[in-house]
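Let's take a walk through this protein, beginning with its charged pairs and working inwards from there. Keep the viewer open as you read.

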Amino acid sequence: TDGVKVGEELFQGGIFRYFNQKEPVKILPYLLTIGPLPRQGTKGLLEEFYVDAWGSAYVEAAHDLLKKRLKRIYGNSLYLSEPFGPGYYGIPVEGTRGLFRLLDASRLGMELNESGMMLPEKSCSGFFVLTRRPAPLPKDCCESCLSPHSCGYCRKYEGQEIGKTQQ
């Protein structure tokens with residue numbers, strides 16, 4: 001199936017079909033934020049750039065720490081996927097709203113604006129999947145796309161009916 005239900009939320013995307021073939025044990029949704037960036041008092045574009053770069057590096061480090069912690073919790077008997085989420089592998093960006101409902105993003109001070117952008121801006125959301133055997137993620141590119149018709153930029157499946165794939 002091209003979707004998975006976590007709690008009361010249904011998440012769509014071909015990546016879930018891939019994981020269903022890899023004997024998934026558990027899907028671990030997550031939200032992560034570093035909180036608002038300290039922008040008040042910045043002096044010019046260069047300092048704004050440094051604050052933004054610091055925020056990006058900090059959220060990446062937090063992401064890495066989360067993965068290490070999950071590996072410690074679940075040990076060596078299961079395999080932990082790389083993180084992925086809405087906007088990647090054919091999961092519609094709208095899936096972020098489901099993650100926010102499922103995990104009560106307001107408890108972390110997170111929200112989505114009208115266009116779906118996460119606030120605070122240095123935040124991320126997604127999934128890890130635990131499997132019984134290794135399940136490396138396919139490359140996140142058009143050539144290895146698992147979800148025809150999920151992307152406004154799709155050329156791989158152009159002109160084909162939904163549900164039919166190229167031969």
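Start with the charges: the structure, which is a predicted model, holds three salt bridges. Side chains of opposite charge can pair when their charged atoms come close. Take Glu9 and Arg101 to begin with, whose side chains meet at 2.9 Å, N to O. Glu9 sits in strand S2 and Arg101 in helix H3, so this salt bridge ties together parts that are 92 residues apart in sequence. The two ends have rather unlike surroundings: Glu9 counts as buried because its relative accessibility is 14%, while Arg101, at 54%, is exposed.

Next, look at Lys122 and Asp52, where the closest N and O atoms of the salt bridge are 3.1 Å apart. This pair also links distant parts of the chain, with Lys122 in the loop between S6 and S7 and Asp52 in helix H2 (residues 45-74), 70 residues apart. Here the lysine is the buried end, as Lys122 has 11% relative accessibility; Asp52 is partly exposed at 28%.

Helix H2 takes part in the remaining salt bridge too, through Lys67. The side chains of Lys67 and Glu82 meet at 2.2 Å, N to O. Since Glu82 lies in the loop between S4 and H3, the pair ties together parts 15 residues apart in sequence. Lys67 counts as buried at 14% relative accessibility, and Glu82 as partly exposed at 42%.

Now step back for the overall layout. The secondary structure comes to three helices and seven strands, and reading along the sequence gives you β-β-α-β-α-β-α-β-β-β. Of the 167 residues, 35% are buried. Among contacts between residues at least 6 apart in sequence, 65% join residues at least 24 apart. The accessible surface is about 10700 Å², with 53% of that belonging to carbon and sulfur atoms.

The N-terminal end opens with a hairpin worth zooming in on. S1 and S2 pair in the antiparallel sense over four bridges, and one detail to pick out is Lys5, whose bridge partner in S2 is Leu10. Two residues lie between the strands of this hairpin, and Gly7 takes a positive phi near 60 degrees there.

What about the interior? In soluble globular proteins, nonpolar side chains tend to be buried together. In this model the largest nonpolar core has 21 residues, and those with the most contacts inside it are Phe11, Ile15, Phe16, Phe19, Phe84, Phe100 and Phe127. Strand S1 (3-6), helix H1 (14-20), helix H3 (95-102) and strand S7 (123-131) each give two or more residues to this core. H1 provides the largest share, with four residues. There's also a second, separate core of 10 residues, which includes Leu32, Leu78, Leu80 and Cys124.

With so many phenylalanines on that list, the rings deserve a look of their own. There are nine aromatic pairs. The rings of Phe84 and Tyr89 have centres 6.4 Å apart and planes at 90 degrees, so they are edge-to-face. Phe84 also pairs with Phe127, this time tilted, at 5.8 Å centre to centre and 35 degrees between the planes. That second pair spans 43 residues, from Phe84 in the loop between strand S4 (79-80) and H3 to Phe127 in strand S7. Phe84 and Tyr89 are both buried, and so is Phe127. Ring pairs link Phe11, Phe16, Phe19, Phe84, Tyr89 and Phe127 into a cluster.

Helix H3 has come up several times, so let's finish around it. Its buried residues include Gly95, Thr96, Gly98, Leu99 and Phe100. Among the elements covering the buried residues of H3 are strand S2 (9-12), strand S3 (24-33), S5, strand S6 (118-119) and S7. Just after the helix, Asp104 takes a positive phi of about 50 degrees.

From there, move along to Glu111 in strand S5 (residues 111-112). Glu111 counts as partly exposed because its relative accessibility is 49%. Leaving aside residues up to four places away in sequence, Glu111 touches Phe100, Met117, Met118 and Leu119. The C-alpha atoms of Glu111 and Phe100 are separated by 7.6 Å, with the two residues 11 apart along the chain.

Methods:
Residues are numbered from 1 along each chain as its sequence is written. This is a predicted model: local features need pLDDT of at least 70, side-chain atom pairs count only at pLDDT 80 or more; totals for chains, interfaces and linings use all residues. Side-chain values use heavy atoms; hydrogens and water are left out. Buried means under 20% relative accessible area, exposed over 50%, partly exposed in between (1.4 Å probe, protein chains only). Contact means heavy atoms within 4.5 Å. Accessible areas come from the Shrake-Rupley method with a 1.4 Å probe; for residues, only the protein chains shown count as cover. A nonpolar core is a set of buried Ala, Val, Leu, Ile, Met, Phe, Trp, Tyr and Cys residues joined through side-chain atoms within 4.5 Å. Rings of Phe, Tyr and Trp (its six-membered ring) pair if their centres lie within 6.5 Å; planes under 30 degrees apart count as stacked, over 60 as edge-to-face and the rest as tilted. Two strands pair if DSSP finds at least two bridges between them. A salt bridge is a side-chain nitrogen of Lys or Arg within 4 Å of a carboxyl oxygen of Asp or Glu.
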